[in-house]
Amino acid sequence: AQIRYSIPEELTRGAFVGNIAKDLGTDVAKLAAANLQVLSDSDSQYFSVNVNTGVIMVSERIDREQLCGQNPRCFLHLKLAIENPVEFYRIEVEILDINDNPPEFPSDEVSLRIYELASLGARFPIQPAQDPDVGTNTLQTYHLSANDNFNLNVKARTDGGKFPELVLERALDRELRAFHYLVLTAEDGGSPPQSSKIRITIQVLDANDNHPVFDRPSYGARLVENSPLGTLVVRLNATDVDEGPNGDIRYSLSSHNSAALRQIFAIDEQTGEIRVQGNLDFEEATVYEIEVEAKDMGSPTMEEHCSVVVEITDVNDNAPEVILTSFSSTLSEDALPGTVVAVIHVRDRDSGEQGKVLCHVSPDLPFQLRKDYEHQYSLLTSTRLDREHVAYYNVTVSASDLGNPPLSRHTILPITLIDVNDNAPQFEQASYEVLVAENNPVGSVLVTVAATDPDSEQNSRLSYSILRAGGTDPGLDPTRYLSIHPTNGQVTAKFPFDYEQTTYLQFQVEVSDGGSPALRNRTLVHVFVVDQNDNAPRVHFPRAGEDSATQFRISPSIVPPALITKVVAIDADSGRNAWLSYQLVEATDLGLFSVALRSGEVRITRALQETDASEHELLVVVRDAGEPPLSTAVTLVVLVEEMGPEALQGSEARAADGGGLPSITLYLIVSLVLISTVSLVGMAALGIRCL
């Protein structure tokens, strides 16, 4: 037979388990006589039987957890042996669990390291508590202390084990809270329940979840243009609440900045100082907006941006600029006043008063500036121009700004005047007087007339020609005797002049320029033929043939100084060349006769004597006053003989004829005086005209 008892564990020694005598229905005395023995299957003797009473008692402490562990049912088996007759009884004692063990964690404290960027819902297992009790007395639940970030999840296994997990319900922020302290409580289902606690320390590991933050969203600075290199613009300050490399900040200029800006500004990556490293020019940019980024050294890198607005203050560092919108370097000299020569645009890259520009030109020039509108001027002619007076101008346009001190720029505009045929040629003399010796060589230059034309190039190319002068003899064509070189004005003779035929010639020379239309001018040329001693005196009386002599008869009683005859000669030349002198160069008796030097009268100088010859031969030479002098000789034969009345009358008649001959010389002298007078009057008139 088998008997089953149930007792709780941890009963004290002697505790009642059951009455075997009663349960077997046997008398107690019989059990005592039957030598009752209790045999156990285990090494320990947990029970004993009181043979006198038949009661089974606990003899040793019974720990169900030690005997059966986590087996939900725990039994101790006993065998009862009695003799006479031998019988065996099997007794099964079920050891019932009591809540004698609280749940126990492996340690009192546990530490977790969790990245602050752990995703929501992440689970973090906690070593479970162990409760050797079974059934309702074993571990039933966990409790987590109140917190903002974690919840508790208890994971139940098929074997009944319960494992706690921390579930991240709210994102961690190391910068807000670096450590979290939690308490996990394990509780069994006993009555009263027992529990144990474990302290959970959670260290939030830094993740690069915070970007650097500038202390200001934007920075401003003001600099003067042309600031020296190295000038501090601004010092930036950014912080990163992360730690370690995640909070180590480096500054740099953003890639959004232009390459030109990067050449002007530089930033210190450690200190965040922005300094000038290039030229600041207000005229290129009045404001610079610098994009700056601050990066931490985390992985991945996080960055933040800010802008730095740098305002540039203008200084008067730019001289005005003069730009020729339209300009003609050549200008016709007949341009009317007000003609536009150039259109000028002025500008100054400075600002304000420093960028206002005033322009002017020298008042001494025939040009003026007209302001068309802001920043534009027109250069105009102010008066009439004359290329012959000034052919070239350098017009200096001066542009000055209103800065302090003012800056200025000077631009020279070269203007060349184009010639207009507005000037007629002008002779150097109003008239020319030329003295030409007769018998001049053919082609000899008589005179060179010269004219000038202040115009230029084609307008000043002169051409000469000969015209007949008004009032001259129509039959006396000057072009018959003269020719003129068309370019150099040299007047040459085509034939030799003969004073005895032509003493005076008057003609006009016309000069014309090469303009279109051509302009002309004339001058008067007076040609006076100068007599040359080219004619020897010619004896008109006494007439005699060649190699013959003229005979004259005189009475032996002739009374001195009786006139024997008169030698009359004419010289076709004029002036001194026609002044004649008479000289007795040879005679039979030079002391007997004389010849008047100027009149040519041949007279007897003394009375004839008987000893004197009856025939006398006289050689009279007529000589002019030219250089060299020319002369003619005449031979006279004087016969001394008694003459009758007829002879005497003939002689007287010849003497009378001889007395009429001197009137020819008088005519010649009068003619010479008249010609000289007319010439002097003409020269005086020309002189007055010139003056």
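A residue is buried when its relative accessible area is under 20%, exposed when the area is over 50%, and partly exposed in between (1.4 Å probe, protein chains only).

The structure is a predicted model, in which local features need pLDDT of at least 70 and side-chain atom pairs count only at pLDDT 80 or more, while totals for chains, interfaces and linings use all residues. Residues are numbered from 1 along each chain as its sequence is written, and side-chain values use heavy atoms, with hydrogens and water left out.

**Figure 1. The whole protein chain, with seven helices and 49 strands.** Helices (H or I, at least four residues) and strands (E, at least two) are DSSP runs numbered from the N terminus. Along its principal axes, the C-alpha trace of the protein chain spans about 270 × 45 × 40 Å. The radius of gyration of the protein chain is 81 Å, whereas a compact globule of 691 residues would have one near 26 Å. That radius is taken over C-alpha atoms, and the globule rule is 2.2 Å times the number of residues to the power 0.38. Of the 691 residues in the protein chain, 40% count as buried. Among contacts (heavy atoms within 4.5 Å) with a separation of 6 or more, 67% are between residues 24 or more positions apart.

**Figure 2. Strand β12 and its partners β9 and β11.** Strand β12 covers residues 162-168 and is mostly covered, with five of its seven residues buried. Two strands pair if DSSP finds at least two bridges between them. Strand β9 (residues 123-125) runs antiparallel to β12 and is joined to it by three bridges. In this pairing, P125 of β9 stands opposite E165 of β12. Strand β11 (residues 150-156) also pairs with β12 in the antiparallel sense, over seven bridges. Here V154 has P164 in β12 as its bridge partner. What do β11 and β12 form, and how many residues lie between them? The two strands form a hairpin with five residues between them, and G160 in the turn has a positive phi of about 95°.

**Figure 3. An open sheet of four strands with mixed pairing.** The order of the strands across the sheet is β33-β40-β39-β36. The edge strands, β33 (431-437) and β36 (463-468), each pair on one side only. Strands β39 (residues 504-512) and β40 (residues 520-530) are paired in the antiparallel sense, with nine bridges. One residue to look for is F507, whose bridge partner in β40 is V525.

**Figure 4. N101 in the loop between β7 and β8.** Strand β7 covers 87-96 and β8 covers 109-115, with the place of N101 in the loop between them. Which residues does N101 contact, leaving aside its neighbours within four places in sequence? The contacts of N101 are E65, D131, P132, D133, N137, D188 and Q194. With E65, N101 makes a polar contact of 3.5 Å between side chains. A polar contact is a pair of N or O atoms within 3.5 Å; within protein, one must be able to donate a hydrogen and the other to accept it, and residues adjacent in sequence count only if both atoms are side-chain atoms. L139 stands 38 residues from N101 in sequence, and their C-alpha atoms are 9.7 Å apart in space.

**Figure 5. N257 in the loop between β19 and α4.** The loop runs from β19 (249-253) to α4 (259-264). Is N257 buried or exposed? N257 counts as buried because its relative accessibility is 7%. A polar atom of the N257 side chain lies 3.1 Å from the backbone oxygen of S254. Apart from neighbours within four places in sequence, N257 contacts R262, E289, I290 and E291.

**Figure 6. Two loop residues with positive phi, N226 and H375.** Most residues other than glycine have a negative phi, and most peptide bonds are trans. N226 is not a glycine, yet its phi is positive, about 65°. Its place is the loop between β16 (218-224) and β17 (232-235). N226 counts as partly exposed, because its relative accessibility is 37%. H375, also not a glycine, has a positive phi of about 75°. The loop holding H375 lies between β28 (367-373) and β29 (376-381). At 28% relative accessibility, H375 counts as partly exposed.

**Figure 7. Cis peptide bonds before P542 and P628.** F541 and P542 are joined by a cis peptide bond, with omega about 0°. P542 is in the loop between β41 (538-541) and β42 (550-554). Another cis peptide bond, also with omega about 0°, joins E627 and P628. P628 is in the loop between β48 (615-624) and β49 (631-640).
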